[in-house]
Structure formats: C-alpha cells, structure tokens
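Welcome, and thanks for opening your viewer. This is a short walk from one selection to the next, with a note on what to look for at each stop.

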Amino acid sequence: MNTPRSELPQDVVTGIPDVDEQHRVLLELVTDLTENSDESRDRAFFDRTIAYLKNYIAFHFACEEMVMQTYCYPNLSAHRRQHAALGNSLAQLAAQGAEGPARKLIAGLSFFAEDFWNHHVKIVDREMASYLRTHGPGGEVTLPTVQELTQGSFLPSDFDQNVVQGKRGVR
Ligand SMILES: [Fe+2]
Ligand SMILES: [Fe+2]
C-alpha cells in the first residue's frame, strides 16, 4: 500500500531538494511510529521501523557530513556533534524498544522528533543549506551514494545497508 507523501512544513525546508527529500522520508517514518500506532500494533512493526529509521538517519547524517566536508563548511564539527548526539538518542530508544512498553517508546520518539526538527533541521541544517547556497552549488547539491560514503568512512560501523537499500533518497 502506498502512503501519501507528506509535505515538509515550510520552516524546515532547506531549499536543497535531495536533503529535503531525505527529511521528508524521515518525517514519514517518525509520523508512522508516533501517530499511526497504538498499543495493539505488533511489536515487530516498531522494531522494523525503528531499525529502518536508525539506518536511514545514519545514511542521511553521513550524506550531509560528506557534502559539508566537500565544500569546507566551517561549522562541520559542531554539526557532526549534533548528529552524533541525535544518533545516540535514537540508538537508546531502539534498544529500549525491544523491552519497554510501546507507549514509552512513542513518547521517547516524540521527544526525539521535537529535538530533531526544532533544534536541528530548522536551525542547524538550514544554516548549512544557506552556506551551500553561497559557497557551493546551492540547490544543485548532489548527495553521495552509499558506496561513496563507505569509501570515505562516513557511515557508522553498525550501518546496515540492506535495511535501506532501494529506499527513497538512497543511492
Ligand atoms: Fe544535519
Ligand atoms: Fe538533515
């Protein structure tokens, strides 16, 4: 079944189409977990979706980091630290997910999503996009492939390519 594509709220749009597309996938995944789920839903659904979210976000962070490095973005280190903190929060939620109640997991994900959209995408990613517009190819940025990210050691050691293979925004 195809789910309708969600639109990004205007205040989180970066203006770089490939980045916005990956953010749209992330929005759909988090919405799937936090709004379309209830206690009766199969736990396997949570575990599958969290595993996908964890891998997809690792891929997304790696894409941004490689592009920032390519165009000598001066705030790369700080941006990377935020990615690491967000990745750790998600890993903790994924680890809890196998045991804790679904309700607690959904609350944790809502908190994570709030942090991701309001403190990261809305501010930090948009600053990156603004730099790329003036110091790089702007909206024409082409994000790297999984192979390029692997060669450049941008992906975490526990990244599972099979989980995100063939998904939107992943090349
Ligand atoms: Fe970012
Ligand atoms: Fe991002």
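Before selecting anything, here is one handy rule: the expected span of a helix is 1.5 Å times one less than its number of residues. Keep in mind too that this is a predicted model.

**The whole chain**

Start with the protein chain in a cartoon view. What does it contain in the way of helices and strands? There are 6 helices and 0 strands. Reading from the N terminus, the elements follow the order α-α-α-α-α-α. Of the 171 residues in the protein chain, 28% are buried. Now think about contacts between residues with a separation of 6 or more: 76% of them join residues 24 or more positions apart.

**Stop 1: helix H1**

Select residues 17–34, which form helix H1. Try the rule here: the 18 residues of H1 should span 26 Å, and the end C-alpha atoms are 25 Å apart, so the two values agree.

Next, colour the buried residues of H1, which are Val19, Gln22, His23, Val25, Leu26, Leu27 and Leu33. What covers them? The cover includes H2 and H4, and these two helices are the next places to visit.

**Stop 2: helix H2 beside H1**

Add helix H2, residues 43–70. By the rule, its 28 residues should span 40 Å, and its end C-alpha atoms lie 41 Å apart, which agrees.

Turn the view until you can see H1 and H2 together. Their axes come within 10 Å and cross at roughly 160 degrees. Angles over 145 degrees count as roughly antiparallel, so H1 is roughly antiparallel to H2. The crossing of this pair is left-handed.

Show side chains where the two helices meet. From H1, the contact uses Val19, Gln22, Val25, Leu26, Leu29, Asp32 and Leu33. From H2, the partners are Phe46, Thr49, Tyr52, Leu53, Tyr56, Ile57, His60, Cys63 and Glu64. How many residues of this contact are nonpolar, polar and charged? The contact of H1 with H2 has 11 nonpolar, 3 polar and 2 charged residues.

**Stop 3: helix H4 beside H1**

Hide H2 and show helix H4, residues 102–135. The axes of H1 and H4 come within 10 Å and cross at roughly 165 degrees. That makes H1 roughly antiparallel to H4, and H1 passes H4 in a left-handed crossing.

To see the contact, pick Val19, His23, Val30, Leu33 and Thr34 on H1. On H4, pick Ile106, Leu109, Ser110, Ala113, Val121, Asp125 and Ala129. Together, the residues of the contact of H1 with H4 divide into 8 nonpolar, 3 polar and 1 charged. Val19 and Leu33 may look familiar, as they belong to the contact with H2 and to the contact with H4.

**Stop 4: Leu8, before H1**

Go back along the chain to Leu8, in the segment before H1. Is Leu8 buried or exposed, or something in between? It has 16 other C-beta atoms within 10 Å, so Leu8 is partly exposed. Leaving aside residues up to four places away in sequence, Leu8 touches Val13, Asp20, His23, Arg24 and Leu27. You can also check a distance: Leu8 and Glu21 are 13 residues apart in sequence, and their C-alpha atoms are 9.1 Å apart in space.

**Stop 5: Ala91 in H3**

Select Ala91, which sits in helix H3. Ala91 counts as partly exposed because it has 15 C-beta neighbours inside 10 Å. Now add Ala51, which is 40 residues from Ala91 along the chain; their C-alpha atoms are separated by 9.1 Å.

**Stop 6: two positive phi angles**

Finish in the loops. Cys72 is in the loop between helix H2 and helix H3 (76–97). What is special about its phi? The angle is near 50 degrees, a positive value in a residue other than glycine. Cys72 is exposed, as 10 other C-beta atoms lie within 10 Å.

The last selection is Ser153, in the loop between helix H5 (146–151) and helix H6 (161–164). Ser153 is not a glycine, yet its phi is positive, about 55 degrees. Ser153 is exposed, with 10 other C-beta atoms within 10 Å.

Technical notes. Residues are numbered from 1 along each chain as its sequence is written. Chains are lettered from A and ligands numbered from 1 in the order in which they are written. This is a predicted model: local features need pLDDT of at least 70, side-chain atom pairs count only at pLDDT 80 or more; totals for chains, interfaces and linings use all residues. Helices (H or I, at least four residues) and strands (E, at least two) are DSSP runs, numbered from the N terminus. A residue is buried if 20 or more other C-beta atoms lie within 10 Å of its own, exposed if 12 or fewer, and partly exposed in between; C-beta atoms are placed from the backbone. Axes are lines fitted to C-alpha atoms, for helices over the stretch in contact, and angles run from 0 to 180 degrees between N-to-C directions. Angles under 35 degrees count as roughly parallel, over 145 as roughly antiparallel, 65 to 115 as roughly perpendicular and the rest as oblique. A crossing is left-handed if the near helix is turned anticlockwise from the far one by less than a right angle, and right-handed if clockwise. Two residues are in contact if their C-beta atoms, placed from the backbone, lie within 7 Å. Ala, Val, Leu, Ile, Met, Phe, Trp, Tyr, Cys and Pro count as nonpolar, Asp, Glu, Lys and Arg as charged, and the others, Gly among them, as polar.
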